[in-house]
Amino acid sequence: MSLSLLSQLIKSFNDGISFEFIDANKEELCSIIGSVKAMYLPCPKWIKLPVDKDLLCIGDLHGDFNSLLKIFSALFKNQEVNKNLIVIFLGDYVDRGEYSLQTFLGVVLFKHIYGPSVHMLAGNHEIYKYFQYYNADFWEEYIDENIRKNILELIEYLPMLISSANIMMVHGGLPIIDSMDFLNNLLRTDKTNNLLYFIENYEEQIRIFTWGDYCENLSDYNRSIFQGRPAFMKNYFVDAMKTYDSSILVRGHQPGVKGALFDNSLITLLTSSIYSSFGNIPGKLTLLIKRDKEKRYNFERKIVYKFEDHESQYEILDIDYF
Ligand SMILES: [Mn+2]
């Protein structure tokens, strides 16, 4: 049923009538958003994935539904989701692009179909309710009240952190874990574990998870701080990573450093076409992490950057070549 709803959303988009489609199907869409919320209800804010699965990380989409469609068609072609591959969306589905609602719903419908093989992190553009910013076109324009209500309820339960062995995934940055209390709450699974609880108890840490920037030099650092964004240089990054027992951070959020930084220990992905010319590596980037380094996927036609450690092979791919 939900597979057909995603197919129908895609078809309506290709026919130029996706807004009408969403409006005509809002009750069913709301109930799917609700069931994805129910999937996340028993999950902690820090989700630990199996260490043997391959991972495909998708950066900020910002309403770029066309890029999401490329990813879907590559994944459907590979038929690997569910078996070997876990797909992780790093957040920022909405604002800036033309199709915020379609993009958010597309990811939700995809998660609904594939369950634990798909994850969606919350980005700063998802938590506008708590940290406002300018040009929040998605949140400020009219969307159906019931859809908005369901989306906001889902966002309360989206994970903030995902890890697999030595790899951490977050939207923005990682605050140092400086108390058992904070760590225990990140890993707690009871149903009060919502975003509001974290905002009330760990506001600064949530701001870093969603808004954190990384800088190679003092002038970039000062620019981020001047813009009111939490910013960190390499020494803080290294110290924080130790507290998560991790060595590689995959995140989105910061177009200026898109690509690899800090000796390949920080990978920044933006997948939306809006940022394709930004950063250290141009393109609409995704990251494929293979645990079996020999494994082949159909969509690795253009690897724009590649490295490996003793556990995994990391291939940064540009979706235009999927
Ligand atoms: Mn962001």
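Why does Ser67 count as buried? Ser67 has 25 C-beta neighbours inside 10 Å, and a residue is buried if 20 or more other C-beta atoms lie within 10 Å of its own, exposed if 12 or fewer, and partly exposed in between, with C-beta atoms placed from the backbone.

This is a predicted model, in which local features need pLDDT of at least 70 and side-chain atom pairs count only at pLDDT 80 or more, while totals for chains, interfaces and linings use all residues. Residues are numbered from 1 along each chain as its sequence is written.

**The whole chain**

Start with everything shown. The protein has 11 helices and 14 strands; helices (H or I, at least four residues) and strands (E, at least two) are DSSP runs, numbered from the N terminus. The C-alpha trace spans about 50 × 45 × 35 Å along its principal axes. The radius of gyration is 18 Å, which agrees with the value near 20 Å for a compact globule of 322 residues; the radius is taken over C-alpha atoms, and the globule rule is 2.2 Å times the number of residues to the power 0.38. Of the 322 residues, 46% are buried.

**Helix H4**

Select residues 65-78. This is helix H4, with 14 residues; its end C-alpha atoms are 20 Å apart, in agreement with the 20 Å that it should span at 1.5 Å a residue. The expected span is 1.5 Å times one less than the number of residues. Its buried residues are Phe65, Ser67, Leu68, Ile71, Phe72, Ala74 and Leu75. After H4 comes Gln79, with a positive phi near 50°.

Now select Ser67, which lies in H4, together with Ser273. The two are 206 residues apart along the chain, yet their C-alpha atoms are separated by 7.4 Å. Leaving aside neighbours within four places in sequence, the contacts of Ser67 (C-beta atoms, placed from the backbone, within 7 Å) are Leu61, Thr271, Ser272, Ser273, Lys284 and Ile319.

**Strands S1, S5 and S6**

Select residues 161-164, strand S5. Which of its residues are buried on each side? Leu161 and Ser163 are buried on one side, and Ile162 and Ser164 on the other. In a regular strand the side chains alternate between the two faces of the sheet.

Add residues 46-48, strand S1. S1 and S5 pair in the parallel sense over 3 bridges; two strands pair if DSSP finds at least two bridges between them. Here Ile47 stands opposite Ile162. Then add residues 167-169, strand S6, which pairs with S5 in the antiparallel sense over 3 bridges. Ser163 stands opposite Met168 in S6. The hairpin of S5 and S6 has 2 residues between the strands, and Ala165 takes a positive phi near 50° there.

**The nonpolar core**

Select Cys57, Ile88, Leu121 and Met169. These have the most contacts inside the largest nonpolar core, which has 92 residues. Such a core is a set of buried Ala, Val, Leu, Ile, Met, Phe, Trp, Tyr and Cys residues joined through C-beta atoms within 7 Å. Outside four places in sequence, the contacts of Leu121 include Phe89, Leu158, Ile162 and Met169.

**The end of helix H7**

Finish at Tyr157, in helix H7 (residues 145-157). Tyr157 is buried, with 20 other C-beta atoms within 10 Å. Leu41 is 116 residues away along the chain, and its C-alpha atom is separated from that of Tyr157 by 6.1 Å. Not counting residues up to four places away in sequence, Tyr157 touches Lys37, Tyr40, Leu41 and Asn194.

How values were computed:
Contact = placed C-beta atoms within 7 Å.
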